[in-house]
Amino acid sequence: MIEVNPMGVVTQIKMSREVDGKPLYWVAAYYVDGLLIDTGCSYTGRELVSYLDDKKLNAVVNTHFHEDHVGGNHLIKKRFPVTICAHPDSVPLIHQKLKLYPYQEFIWGYPEPTDVEPIPDRIRTDHFEFEVMETPGHSKGHVILFERSQGWCFSGDIFAREMPKFIRPEEDMGETIHSMKKLLHLRADPLILYTSVGRVVEDGRQALQTCIHYLEDLAAKVRSLETKGLSITDIIQELFGGEHNFAQITNGQYTTENLIRSVLQIRQE
Ligand SMILES: [Zn+2]
């Protein structure tokens, strides 16, 4: 199912696999001035194309290669003579069949591998100019799009919530903090975050600062407990009351243990 939310010039397109008439889990793409940012999951590809059918589509960007951001690529390319762009590190990953956990296959489905092009530094639409910034951490080859005159930041998955409790094993929270600090330096007031989880954060700067502070504080606490001789399991128990149940739901992919291990790798300044 898809849910279209007009937000002035920007349109949010929320997409989810539908089971018994209900959404399983939403992911958001954004359409603005002929530019589509992310293409959702494979289950909603047809609905996305039918929404776009009577619209101009001049450019498509994948913020990163994850299956809930590239799933509509294949059908979009079949329907529109448009180039899809992604960070050069993501291009080969979007071109190959991803390996998915069972829960990912159930919620999002396998995206068809597609040909995409390396993204340029800037993308111009009829009325706007989007600066492309590399923002690794959540994944390699992750980009955000920034429209300076409007203060829009299409932030992909680099920020989802102020206090993350679980992450994927390949996420690097040191890099995530670094990327979020880069966003803090963007000259725009306010800085509006259009996130892939569907949240639009009007005071993006405040949200980013809260998240950075939470992660740096967490890293300090974890280091201190480790120095006292606590094991990773003990630290999870002490700080979070045990592993999050999301670990079970996601076949062990999203865990608090991954978060703890990643913040332990953050270099102290
Ligand atoms: Zn992602």
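A disulfide here is a pair of cysteine sulfur atoms within 2.5 Å. By that yardstick, a search of the whole structure, which is a predicted model, turns up zero disulfides. Take Cys153: the nearest cysteine sulfur belongs to Cys211 and sits 13 Å away, so with a cut-off of 2.5 Å Cys153 is in no disulfide. Cys153 is also buried, with a relative accessible area of 0%. Cys41 is buried too, and its relative accessible area is likewise 0%.

Cys153 leads straight into a run of paired strands. It lies in strand S13 (residues 152-156), where it is the bridge partner of Phe146. Three bridges hold S12 and S13 together, and the two run antiparallel. The hairpin they form has four residues between the strands, and Gly151 in this hairpin takes a positive phi near 75 degrees. On the S11 side, four bridges join strand S11 (residues 129-134) to S12, again in antiparallel fashion. Val132 is paired here with Leu145 of S12.

What about the surroundings of S12 itself? Strand S12 covers residues 143-147, and five of its five residues are buried, so the strand is largely enclosed by the rest of the structure. Neither face is left open: Val143, Leu145 and Glu147 are buried on one side, while Ile144 and Phe146 are buried on the other. A glutamate, Glu147, is thus listed among the buried residues of this strand.

Elsewhere, seven strands make up an open sheet with mixed pairing, in the order S1-S2-S5-S6-S7-S8-S9. The edges are taken by strand S1 (2-7) and strand S9 (117-118); each has a single partner strand, so one side of each lacks a neighbour in the sheet. Within the sheet, strand S2 (residues 10-15) and strand S5 (residues 27-32) run antiparallel and are joined by five bridges. In this pairing Gln12 stands opposite Tyr30 of S5. Helix H1 (residues 45-52) lies across S1, S2, S5 and strand S6 (35-37), and runs at about 155 degrees to S2.

Turning to the helices, H8 (residues 232-240) has a clear division of sides. Its buried residues are Ile232, Ile235 and Ile236. Viewed down the axis of H8, they fall within an arc of 100 degrees, so they line one face of the helix. Thr233 and Glu238, on the other side of H8, are exposed. The buried residues pack against two helices, H7 (204-227) and H10 (256-264). Just after H8 comes Gly241, with a positive phi of about 70 degrees.

The packing of H8 on H10 can be described further. Two packed helices are described by the angle between their axes and by the distance between those axes. For H8 and H10, the axes come within 10 Å and cross at roughly 105 degrees. Angles of 65 to 115 degrees count as roughly perpendicular, and the two helices are therefore roughly perpendicular to each other. On the H8 side, the contact is made by Ile232, Ile235, Ile236 and Phe240. The H10 side supplies Thr256, Glu257, Leu259, Ile260, Arg261 and Leu264. The isoleucines Ile232, Ile235 and Ile236 thus turn up both as buried residues of H8 and in its contact with H10.

Key
Residues are numbered from 1 along each chain as its sequence is written. This is a predicted model: local features need pLDDT of at least 70, side-chain atom pairs count only at pLDDT 80 or more; totals for chains, interfaces and linings use all residues. Side-chain values use heavy atoms; hydrogens and water are left out. Buried means under 20% relative accessible area, exposed over 50%, partly exposed in between (1.4 Å probe, protein chains only). The arc is that of the directions from the helix axis to the C-beta atoms. Contact means heavy atoms within 4.5 Å. Two strands pair if DSSP finds at least two bridges between them. Axes are lines fitted to C-alpha atoms, for helices over the stretch in contact, and angles run from 0 to 180 degrees between N-to-C directions. Angles under 35 degrees count as roughly parallel, over 145 as roughly antiparallel, 65 to 115 as roughly perpendicular and the rest as oblique.
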